[in-house]
Amino acid sequence: MATPFFQSKKAAAILKHAILDQYISPFAMKTGSTSQGGRVAIVDGYAGTGTYEDGSEGSPGLLLRKAREMSSRRRLECLFVEQDSESFQKLSRFTEDEGKGLDVKIFLGDVADNLTLILDETQGIPLFVFLDPFGLMIPFEDVRKILMRPTGVGMPTEVLINFSTIALRRIAGHLTSSNANEATLRRMDGVCDGDWWRSAWLDEAPTKEADDRQREAAEEAVVKGYATRLSSAAKAGYWTADVRNREHYRSAYHLVFLSRHRDGLYLFGESLSLGLEKWRRAIFDTESAGSLFEGDEEEFKAEEKALSDKWVKEITDNLRELLSEHGGFRIRDRYAEVYGDTLGKARVKHLRAAWKNLLREGITKTDSKGDLIPKVIEPA
Ligand SMILES: C[S@@+](CC[C@H](N)C(=O)[O-])C[C@H]1O[C@@H](n2cnc3c(N)ncnc32)[C@H](O)[C@@H]1O
């Protein structure tokens with residue numbers, strides 16, 4: 001098998017890494033505060049080589065950096081799985097160099113085949129699992145097994161999945177092909193827990209000639225169906241995010257995050273928003289290269305400010321409407337309605353600015369200080 005390509009990072013890879021970079025430290029700080037010895041396990045199920053050829057960090061590189069940065073406060077135990085033997089050799093050399101003094105274990109083989117071993121190794125401690133294949137995800141039942149592992153109180157289990165839209169599009173092509181490969185379709189059935197995804201796709205994109213808009217709706221329907229099924233099978237909440245290499249390009253993958261803990265879901269929303277900011281920066285740098293705006297910090301800041309103003313206005317309007325309709329309410333009870341169209345894009349910083357606007361306008365009497373998610377906002 002050819003060694004997968006790890007040359008340099010595209011914007012889509014920048015986003016998943018930026019989210020991990022934002023999320024892992026607060027996750028480990030929070031969950032490790034109640035686990036014995038501050039232990040927290042992080043599994044990278046499709047690890048790759050550790051680093052890209054241009055020297056930039058792959059996910060194992062990022063996770064080892066986190067483990068080192070946090071070593072005086074938390075014990076991050078990193079478990080990396082890689083199936084391709086050439087990539088595994090590179091990963092092995094990489095972890096020998098970069099993992100000195102850290103708790104790292106590497107496994108050669110299929111992540112699904114190593115699952116029992118991994119769940120044994122991580123028993124009784126908080127667990128975050130990153131599943132990042134180029135192609136198809138491990139079967140639904142395996143992901144459910146991770147999320148439903150027996151845990152003690154306060155021992156969260158979370159999974160971040162890269163659901164490849166490119167693989168989905170390729171496989172869905174068989175649904176309208178005259179020489180469809182039924183075995184390929186059945187593998188997707190295994191990923192999705194049944195063949196429901198076939199009709200979900202065909203309802204939106206019924207023919208070979210379906211246009212981009214129809215295909216996008218079909219992708220959305222399948223990813224949404226996948227996340228909701230997993231969420232109810234594992235009694236977990238979820239986020240999904242559509243990731244592209246440029247804003248107007250087709251989707252490269254969807255991130256699906258599942259957590260059985262409410263705090264994890266809020267924290268992920270923050271990380272997603274911060275990750276998207278880094279992603280926009282990467283896209284700005286690519287698109288402005290060679291143009292008048294190349295390296296123009298002021299132009300980027302102006303674009304960011306316009307976005308931020310728009311989000312704050314939307315959240316202000318949402319809060320105003322919710323207050324007049326329902327009176328006082330706790331933000332977390334109406335989280336999605338508060339954020340509205342800005343859900344997954346804006347974060348608490350924007351919510352706080354909106355709240356301040358309403359305090360200034362005399363619409364609320366509640367100050368905007370402290371942790372806003374559990375706080376009750378009251379009309380004036
Ligand atoms: C997208 S790359 C991983 C990139 C890496 N997570 C990062 O962010 O730097 C996917 C990797 O998974 C490996 N792989 C593919 N199928 C696998 C499986 N069933 N189990 C474990 N690894 C697998 C591939 O060889 C490849 O190195």
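This report describes the overall fold, the central sheet, the helix packing and the ligand surroundings of a predicted model.

**Overall form**

The protein contains 13 helices and nine strands. Its radius of gyration is 22 Å, close to the 21 Å that the globule rule gives for 380 residues, so the protein is as compact as a globular protein of that length. The C-alpha trace spans about 65 × 55 × 50 Å along its principal axes.

**The seven-stranded sheet**

Strands of a sheet pair through backbone hydrogen bonds, either parallel or antiparallel. Here, seven strands form an open sheet with mixed pairing, in the order E3-E2-E1-E4-E5-E7-E6. Strand E3 (103-108) and strand E6 (237-244) are the edge strands, each of which pairs on one side only. On average, and with direction ignored, neighbouring strands of this sheet are turned by 15° against each other.

Two of the strand pairs are set out below.

| Strand pair | Sense | Bridges | A residue and its partner |
|---|---|---|---|
| E4 and E5 | parallel | five bridges | Phe130 opposite Leu160 in E5 |
| E6 and E7 | antiparallel | eight bridges | Gly237 with Ser259 in E7 |

In the parallel pair, strand E4 covers residues 127-131 and strand E5 covers residues 157-164. In the antiparallel pair, a hairpin of six residues leads from E6 to E7.

**Helices on the sheet and against each other**

Helix H3 (residues 85-98) lies across strand E2 (75-82) and E3, and runs at about 165° to E3. Helix H10 lies across E5, E6 and strand E7 (251-259), with a direction at about 15° to E6.

H10 also takes part in a helix-helix contact. Two packed helices are described by the angle between their axes and the distance between the axes. Helix H1 (residues 11-31) and helix H10 (residues 262-288) pack at an angle of about 150°, and their axes are 8 Å apart. The crossing of these two helices is right-handed. The residues of the contact between H1 and H10 comprise 16 nonpolar, four polar and three charged. H10 is thus described both by its position across E5, E6 and E7 and by its packing with H1.

**Ligand surroundings**

Which residues come nearest to the ligand? Of the 17 residues around the ligand, these are Tyr46, Gly48, Gly58, Ser59 and Gln83. In chemical character, the shell around the ligand divides into seven nonpolar, five polar and five charged residues.

Conventions:
Residues are numbered from 1 along each chain as its sequence is written. This is a predicted model: local features need pLDDT of at least 70, side-chain atom pairs count only at pLDDT 80 or more; totals for chains, interfaces and linings use all residues. Axes are lines fitted to C-alpha atoms, for helices over the stretch in contact, and angles run from 0 to 180 degrees between N-to-C directions. Helices (H or I, at least four residues) and strands (E, at least two) are DSSP runs, numbered from the N terminus. A crossing is left-handed if the near helix is turned anticlockwise from the far one by less than a right angle, and right-handed if clockwise. Ala, Val, Leu, Ile, Met, Phe, Trp, Tyr, Cys and Pro count as nonpolar, Asp, Glu, Lys and Arg as charged, and the others, Gly among them, as polar. Two strands pair if DSSP finds at least two bridges between them. Two residues are in contact if their C-beta atoms, placed from the backbone, lie within 7 Å. A residue is near a molecule or strand if its C-beta atom, placed from the backbone, lies within 6 Å of it. The radius of gyration is taken over C-alpha atoms; the globule rule is 2.2 Å times the number of residues to the power 0.38.
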